[in-house]
Structure formats: structure tokens, C-alpha cells
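User: I would like to learn how to read a few features of a model. Could we begin with a helix end, then turn to an interface and a single residue?

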Amino acid sequence: MIPFIIRRLFGMLLVLLAVSFIVYLIFIVIPGGDPAIRIAGRTATAANIVAIKQKLGLDQNFIVQWWDMLKQLFTGQLISYYDGTNVVQQIKAGLPVTFSLAVGAGIIWLGFGILVGTIAAVTAGRTTDRLITAAALIGISMPVAWLGLLFRYFLSGEKGWPALFPDGGYVPLTQNPAQWFYHLLLPWFTLAILFIGFYGRVLRSNVLDTINEDFVRTAKAKGLTPTRILVKHTLRASLIPIVTLFGLDFAAVLGGGAIITETVYSLHGVGWYAAQSIQTQDLPPLMGVTLYGAMFIVVFSLLVDIAYAFLDPRIRLT
Amino acid sequence: MAERLLEVNDLKVSFATEDGIVQAVSGISFGLERGKVLGIVGESGSGKSVTAMTLMGLTRGVNARFEGEVLYKGTDLLKVSDAELQNYRGNELGMIFQDPMTSLNPVYRIGDQIVEGIQAHEKVDKRTARSRAIELLRQVGIPNPDARVENYPHEFSGGMRQRAMIAMALSCNPSILIADEPTTALDVTIQAQIVDLVSRLKDDFDSAVIFITHDLGVIAEIADEIIVMYAGRVVERGSKRDVFYDPQMPYTWGLLGSIPRLDRPKAERLHTIEGMPPSLINLPEGCKFRPRCPHAFEKCQQEPALENRVEAPGHLDRCWLDVEFKRGRRDETISGGSAEAA
Amino acid sequence: MATTGQDEFTLDTAAELAEEEGAGKEIQGRSPWALAGRRLRRNHVALAFLGVFILVVVACLLAPVYVSHVSHIGPNDTQSGASVVINGKKTLVISNGSTKIVNGTPVVTPGGVPIGPQWGAAGGKYILGADELGRDVTTRLLYGGRNSLFIGVTSAAICTVLSVILALLAGYFGGTTDWIISRIFDLIWAFPVILLGIALGTALQVNGFHHFGINLSGSSLWITVAVISFVFIPYIGRPLRGQVLALRNREFVEAATAQGAGPIRIMFTEVLPNLASSVLVLFTLIIASAILTEVGLSYLGAGVQPPNPSWGTMIEEGQNKLATAPQISLYAGIAIAITVLSINVFGDGLRDALDPRAKIRIEH
């Protein structure tokens, strides 16, 4: 297992390097045109532009620029082009928010997803199953942005209805745990609904497949109770692919992928920061945020593979 | 007379599918006594596996319909509730299946799976159950059972897995062991070992065995009584001697004739039975074997009843053909000639 | 012919007898596609939703007809200062503010509120209301639908084609080709989808794309199409690659090779048909994802650019006016939900028909 992990870590580094390079390409090379001009704004003079170039090192060859940017990122000195703030600081500031969102939503969607999927599979074909499937399909068909807006509209006092929930914003856990929880409830559910629908359906499908497996038949033939068969045999096998999915989805949200949810609810997390930087086409924060996100995905990929090896003794990680 | 454990009366099993109703089993009857081995032989689709699984209630489902009786020690298992059935499965009736690799859960150790079966029916603690598991593994001939009990299924060879399955099925001392094609997925040499094992265990555990296969060679070793199934019904039934030495059904001749034999060196092609088994949704009128029978005649349009037409009283068949005539013709069919028995 | 004697019988007897009665029918063979078609036809729910989807597409395609015959207001006709006749009364499309004295205290009603859904009252105009610039919401909904659907379907199609090609190459040739293509998949996969989409989308919108002889302005829809197609490649590519790898080792491929067929031929005549049902299902599901992604991108400003309407931009436009003018965002969302739901339900039905025990699913 150790050689496997080491090789993977090495691969991860390569991937992250490649990712950073691609981000760089996307922003500097693709639009064409001189970034200094863009940054200098409309009323810039030639002198301004030259000054900016020098200051930001834009007059260097682009490989050098890329490498410099990476160095700055890792030493915590990456500065935004747009407003001069320190990228790494900003990301750190956004971490508690994004983490709170991710962990809460993750627990909700995993828990409910498994619950809903199992019930649907066990009652397959009957009314309960049909209702659950319909709800799940609706859940995955709604755009997150709209769902968030609807929640705010109906539950946060927009229309003059009683405000059951606060309208966005974030309260740090250390400051007021009750409010922290209260403010996050709507965002958690908004983010979770999509995943619950998806996971519920995947699990239902897995369980229905697994029920027909030979080893489940053997378990029945041994005279085990239906509950035991369901939990120890059927679910045990059906949940393994869910582990993979969850690992990657959770990583994506943790890595700032819940941009829309953060924006809709004004939660100033990493995703929100990413959205802002994109609006202003600010390369350094974008580089930072993308690498941060990619890192999570890649690390969790590795964790998921390791988990798989523990869950299925036939897998040998070499 | 040994204890009569099982009495199956006119069992019928059908399934509703999107193509129509499948008549998987159309009226099978047989009995089983302690210490005896019943062999059920037939092609795929003959209904043998469905029969076996129905005995354990494994075919119960939304689309399944049952008629008739399955009397185990006097109780009709078809009428028993699902919850009560759990007490019979594993406990009174044990079953092993065709493919031991997929029939064992790959993520649990062999020992744990056997222990699970024991603890489902008996109030013993883990330690006792575990030593019993080790002892069972020893009885089925697995070397080094103390160590092997911790292995996962994929660490066993095919033959060993099947032995482990047998150990698991016998763990609660069931009165009947049902073996559904246990040797089909194994090499010939391993097949012989498994058949021996089952035979020996039957005596050790004083149980009865229902052995299902399509391979007459295997049956010859172990069965006391043989049932030949075709298209969901019994077409011939008798003692091993009766069926092998005086088979009455042309279908049985076909099965016997298609066994490659070393003692009849003929440079001719292996006998095959022409045609395909009938659709279980649209069964033909009359004798179900008629479309493939080289000897069919007019009377075969009417389905023969399962009756005793020969001297041996326990030997039943479903064939209208005259017995003496058949005895004259059949050797050519069986001994590897072509199907033209004219 | 059949006789009473047991002496006269030949091998043909049985066959003749069977033919005579036509009984004991053999099991008929039917192609998997025919079986699938029949299963699909029996699935009324799936077909109904397919109908809904087609209805939506047709309605959007008929947008110009709607404008010329019903609303008489184009998608970009801002009517800020105009007024419209509602039930005989002339009303401003966008209200002016007003101050009323109620019980001695001044009550200020802010201006800038567009009129809400009129349904029939204004003679076909503003059936679903107006947006903050006075444009007709229904018209924009239909034109926006055109854009959103165009982007969704086209990007799904391009993505599927690219993924199939890459999956075939990777799975069939193995070795270095597979390694390179798998790393490409990994790389695209490592980016959080939305982030990559936004990054590419924004970057390309600055000056458009002027390389390799292709000239696209920054506000071209094709940029969004390209971005979404690109982003979803690993989602289809990986499962398909797995299938190609499995198929590649099957005997019929070996047989074809033994017959002297070259790789391209084998890929197209042996492997591809077996992939067909997976491809079909994945394609359908990706359309749904693509539409939702476009909505997300447009909402964040990295997709369709104003003034072009799309369902996503409409949600963004209306988000700050939920209290006063919910119609701007609300109906766009409903349209999206209905459309995507129809695709999902039909996609499910398609998958059930093609393989009732399918193992195809999109990794998220």
C-alpha cells in the first residue's frame, strides 16, 4: 500500500502543476490582448501600462511568470491584481464558511440519500417508491440558483411572509452556534436536495441489482432475517460505489465548488471568492482558488481509493 | 422404512412476465426419505432449479403463483409465512448452489459467513460457533481449517469454495440438503470429490439429499432414486437401476446417449436430441417432447399420464409407446448411433 | 403421414406433425433493439414526458411566431417608458414611484416596479409580466429557451461524439494512447466543473476566440457550447472507456481480427454497436446536465451574455426583485425544471427499455 500512496502523491503533484499551468494559459494566453492593458483600465496612459507590467512582472516570459506565481502562492505572497489583497489570506478567510457549508450539507445529503434510496429499493414498484422516485427526479431537475432563490423568497420574509429563516449571510460558529446553525439550514438543504435525489436513485439502482446477486440468495437460504440480509449483505455491497461518489462530490464542495449556493446566500466562502475573482478577471485569486479546489479533488480521489481497498478485500493496491 | 421427510404433491409454479405467463413447473410429485438421495435430471428450462428453490421458498415474489403442496414433516411449506420460513431455511433445509464464487459474499470471511448461519438458528456464542465452523471445514475436507477459517472466498479454489458452501449448508444439521447443480462449475476431478463428499456427509449427518444436475454421469454415482424432468413436468421416475437399465422415455435415451462413453468406440457422431426445448409460455399440446421425439406417433397428441407401465412398481413414465417395442429400439439410440432408429 | 402403426415412422414424422398443428412453438428470436422498442412503447410515463419535452422545444422554436402574433414585443424591446392598455386602463409598464399620505404619514411606494403577469388582460402583451427593463417575460422565456436548449443539446452532442472517439481510442489501442487520454480525463476531472466552466467562459468572452481560423465574438453562444462540451468529457468518456476495455477482450473482437479486419473497422462495426445503448442513455442524461450547467454559468455571468436571453440570465436578472417582481426569475426556473425533468424521466425510461438491469450511470 505504501508504494501505491507514494506513487499517487507524486502523480498528484504533477496533476496540480498541470492544473495551474492550464489556469494560467486560460487567463493569459487565451483572451489574447495584453493583461496589463485590461488591468490598467480605460483611461490608462502608456506609462501606466509599462509601470504595471513591471510591477506585476508581466514583462517577463510567460513560463517565468507562471513559476513566479506558483512560488508566490506557496509562500503566501500572492497578491490580487484587482485590489492588492493577499490571495492566500482571502482564501483562509473563506475556509470556515465553505467548510461549514460542505460538512453540514454533506451529512444531510449522505444520510437522507441513503435513507431515501434504501426505502425506495425495498418498496420497489409500490406507491412509496414511485413517490420517492418522482421527488428525486424533481430534485435533480431544479437549478440550484433558482431553488435557493425560491427558498429565500418563501422562507426568508421576502414576500412579507413570516420569516422562518434568515436571509443569507453567515454567522461564525465561535460567535454564536445557534445562529450559525440557523443561517446555514437553508443553504444546506438547497445544496443537499440535488445530491439527495441523485444518491437516492443511484443507491436504489444498486440495491435492486444487488438483491439479485447469488450471495444474497445464499443469505436468504441460510434463514437470516430480512433486516440482516438487507443491512449486512445487500447494503454493504450497494454502498461501496456511493463511497466513491461521496468522496468526490464532498471534495468538490469543500474545494469551493458550491459557488452558486454561496453566491445566492451571500456566504463569503471560497466559492464566493472564486465567483468574485472571475467577475473581475483577477488571475492570482483564480489561480489560488483553482489549485485549492483541484488539490481537494485529487487528495480525496486517493482517499477514496484507499477506502475502497478496505471495503473490498479483493482489491489490492499495488 | 425410513422417516418420510418430504412429500411434494402436484406442485405447480408459474411466473407472470412481460411476455406472458411462464409455466415453470406443471405438476411435479415426489417423496423423500431420510438417508436417501433423490436425483433430479433435466436440461436448462426443465424446471428442476425452480422446483428446488421453491422448496426453500426462494421463488416467492410478486409475480409467482404456486399450487399444490410441499409437505415437510407434515407442514405445507407453500403456506407458511415468510417469517416462519426463516426457521426452516438453513435449519431444516440447507441449500448449495451452482457457482460458489458468486454465492459467497466476497467481503466477509468464510468463517464469519458460517458463524452467521449458525447464530441465526442457535443460541450459541461467537466462540462456540467459530469452533463449530472450524470443525465443519475439517469435515468437508479443507486442510488447515484453523487458518483457513479466516480467509476470504477469493482466497479459496473453486472446489474448496464449494466445500465451504457445503459446510455452511450443513452447519445447523438440516434434515435435507438440496444441491442445485453443485458440480457444474467445477472441473471433472473436483466434481468426483464433491460427489463423494456429499455422499459421505449424508451418512455422517443422517440427512436426505436432493441432487439436481443435467449430468447423468454424476447422478449415477450418488442417487438412489432419479426423476427426469422435461418442460416443467416429471417424464420419468424410478430407482437408479430402473432409469439407467430400463429407461422408458425417448428423452431419457437421448440424455443417456449423449454421454460420451469410452467403452463403445464408435467412429460416429455423438448422439444429440434434435430441436430445442419448448417455450414455457406456449407449451405444445399433448406430449411435450413430441416435437423432438423421433418415435412420436399419432397417440402422442394426447398427453400421457405419469404411470407405471413396466414390471418394476416404482418406475413411472409418460410414454405411449409399447414397452417391448421400446426395449428393442433403444439400444441403438443409446449406444451412440444416429437418431434414425428405424 | 401419421399412421396408427408404430412401425412406420421416420425422423420427419415429428416435424410434420408439429407443422400440421403449429403447436409447440419454438422460442422466437427478437433483436435487442426490437425488445427495447417494445418496452419503451409500453412505458407511458416516459413517452408522456418525451411529449412534454418536444412541446417545450416546439414552443421555443415558434418564438418568432409568438412575437408577431401574440405579444408584439421582441425579446430585446425595452419598453421602459411605455405604457400598455390593461382592461381599458392605460398603465405604465414600469411604475413611477408615488407618495401617498395615509393617516397623516407619507407612504412611499418605490418606482421601477414592472407590471406583473397580465394573463389575457393586456391583449397578449406581458402575459407573464414584464422585466426590469420593460421587456416581455414570455417572449424572453421563449427566446431564452431557444438559447438554453440550443446550448444544452448541441454541447451534449459534441461532448458525446468527442467522448466516444476518445473512449474508443483509449480502450481499443491501450498502451500509451490510453495513458495519455486517461490523463486528459483526469486533468479535466480535477477541475471543479463550475469553476472550469466559469474560467473558460469568462476568459473566452473577453475577446472571443480568434485562433485556428475560427472567429467567434465574445458573446457568441458557441463559446458556451464549447465550454460545456469540454467540461463534461470525462463524465461520459470514463464509463465508455471502461466498456470499450471490457468489449475489446470479447471473443467477437478476436474473431474479427482473425478475419483480417483493421482497427478502425473493428471499432466501428464491432465495438460501437455494443456501446450504442450506453451512448444513447448517457447522451440523454448529459443534455439535462448541460442545460443545468448553462443555467449556472449564465447566472454567474460566465455563460450567455446580455442582452441575449437565456433561462439562466433571467434568473440572475430577477434575483434582486423577488419581492416586487417575482415573475422574472420564477417562470424561467419553472421552465428549466419542467424541461430537465422531462429529459430525466424520458432518459430513465430509455435506460429501462434498453437494459432493465443497466449499470450505466454518470459519475458526478
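Analyst: In this predicted model, α10(C) is followed by Gly260(C), which has a positive phi, near 95°.

User: How many residues of helix α10 of chain C are buried?

Analyst: The count is zero among the eight residues of α10(C), which spans residues 251–258, so that by the cut-off of 20 or more C-beta atoms within 10 Å the helix is hardly covered.

User: Next, the interface. How many residues of chain C are in contact with chain A?

Analyst: The size of an interface is often given as the accessible area lost when the parts come together. Here a residue count serves: 40 residues of chain C contact 48 residues of chain A. On the side of chain C that touches chain A, two or more residues each come from α6 (175–190), α7 (193–207), α11 (263–300) and α13 (327–354) of chain C. The largest share, 10 residues, belongs to α7(C).

User: What is the make-up by class of the side of chain C that touches chain A?

Analyst: That side has 26 nonpolar residues, 10 polar ones and four charged ones.

User: Now the single residue. Why does Asn206(A) count as buried?

Analyst: Asn206(A) counts as buried because it has 22 C-beta neighbours inside 10 Å, where the cut-off is 20 or more. Asn206(A) lies in helix α8 of chain A, residues 177–211.

User: Which residues is Asn206(A) in contact with, leaving aside its neighbours within four places in sequence?

Analyst: Those contacts are Ser238(A) and Pro241(A). As for Leu230(A), it is 24 residues from Asn206(A) in sequence, and the C-alpha to C-alpha distance between the two is 12 Å.

Definitions and conventions. Residues are numbered from 1 along each chain as its sequence is written. Chains are lettered from A and ligands numbered from 1 in the order in which they are written. This is a predicted model: local features need pLDDT of at least 70, side-chain atom pairs count only at pLDDT 80 or more; totals for chains, interfaces and linings use all residues. Two residues are in contact if their C-beta atoms, placed from the backbone, lie within 7 Å. Helices (H or I, at least four residues) and strands (E, at least two) are DSSP runs, numbered from the N terminus. Ala, Val, Leu, Ile, Met, Phe, Trp, Tyr, Cys and Pro count as nonpolar, Asp, Glu, Lys and Arg as charged, and the others, Gly among them, as polar. A residue is buried if 20 or more other C-beta atoms lie within 10 Å of its own, exposed if 12 or fewer, and partly exposed in between; C-beta atoms are placed from the backbone.
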